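Please find below some comments on the model, set out as numbered points. They go from the whole chain to single residues.

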Amino acid sequence: DKTIVNREYVTAVTGVAGTNANITITLPASPNPGWEVGVAVGGTFLDTVVARNGSKIMALAEDMTLNRAYIAVQFVYVDAYTGWRFF
């Protein structure tokens, strides 16, 4: 588990093979427009949680679960309404 900061890119990895790793990556608190971060899954596990840390993700007040093996997602903070937008 890790809380990331502006311009930080992390890869979630585990030493155990399988589909469950129980890793949570927490987005920065109090972001400013234009901040960006990245989260990647370095394995076949399907349960990496991106915790919103009080800001929205794509205008939703919900955490996001990355449920694809080896996925990489970039987040850019837009504003208080949209929150983090991902690509």
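1. How many helices and how many strands does the protein chain have? The model, which is a predicted one, has zero helices and eight strands in its protein chain. Read from the N terminus on, the elements accordingly run β-β-β-β-β-β-β-β. The radius of gyration of the protein chain is 12 Å, and because the globule rule gives a close value of 12 Å for 87 residues, the chain is as compact as a globular protein of that length.

2. On overall dimensions, the C-alpha trace of the protein chain spans about 40 × 20 × 20 Å along its principal axes. Of the contacts in the chain between residues at least 6 apart in sequence, 61% join residues that are at least 24 apart.

3. With regard to burial and surface, 38% of the 87 residues of the protein chain count as buried. The chain exposes about 4800 Å², of which carbon and sulfur atoms supply 51%. As for charge, the protein chain carries 6 positive and 7 negative charges, and the mean positions of these two sets are 5 Å apart.

4. Which aromatic pairs deserve a comment? A search of the whole structure finds two aromatic pairs. Tyr77 and Trp84 form an aromatic pair whose centres are 5.4 Å apart and whose planes make an angle of 70°. Why is this pair called edge-to-face? It is assigned to that class because planes over 60 degrees apart count as edge-to-face, and the angle here is 70°. Both partners are buried, Tyr77 with a relative accessible area of 10% and Trp84 with a relative accessibility of 0%.

5. Ser55 belongs with the preceding point, since leaving aside its neighbours within four places in sequence, Ser55 is in contact with Pro31, Tyr77 and Trp84. The residue is placed in the loop between strand 5 (48–51) and strand 6 (64–66). Is Ser55, as a loop residue, buried or exposed? Its relative accessibility is 10%, and because buried means under 20%, Ser55 counts as buried.

6. Thr26 offers a case within a strand, its place being in strand 3, which covers residues 24–26. With a relative accessibility of 17%, Thr26 also counts as buried, the cut-off for this being under 20%. Which residues is Thr26 in contact with, leaving aside its neighbours within four places in sequence? They are Lys2, Thr3, Ile4, Ala51 and Asn53, and of these Ala51 lies within the residue range of strand 5 (48–51).

Key: Residues numbered from 1 in each chain as written. Predicted model: local features only at pLDDT ≥ 70, side-chain atom pairs only at ≥ 80, totals over all residues. Heavy atoms only, no water. Phe/Tyr/Trp six-rings, centres within 6.5 Å; stacked < 30°, edge-to-face > 60°. Buried < 20%, exposed > 50% of the residue type's maximum accessible area, 1.4 Å probe, protein only. Helix = DSSP H or I, 4+ residues; strand = E, 2+ residues; numbered from the N terminus. Rg over C-alpha atoms; globule rule 2.2 N^0.38 Å. Contact = heavy atoms within 4.5 Å. Areas by Shrake-Rupley, 256 points an atom, 1.4 Å probe, with all protein chains shown as cover. Lys, Arg positive; Asp, Glu negative; His and termini not counted. Charge placed at Lys NZ, Arg CZ, Asp CG, Glu CD.
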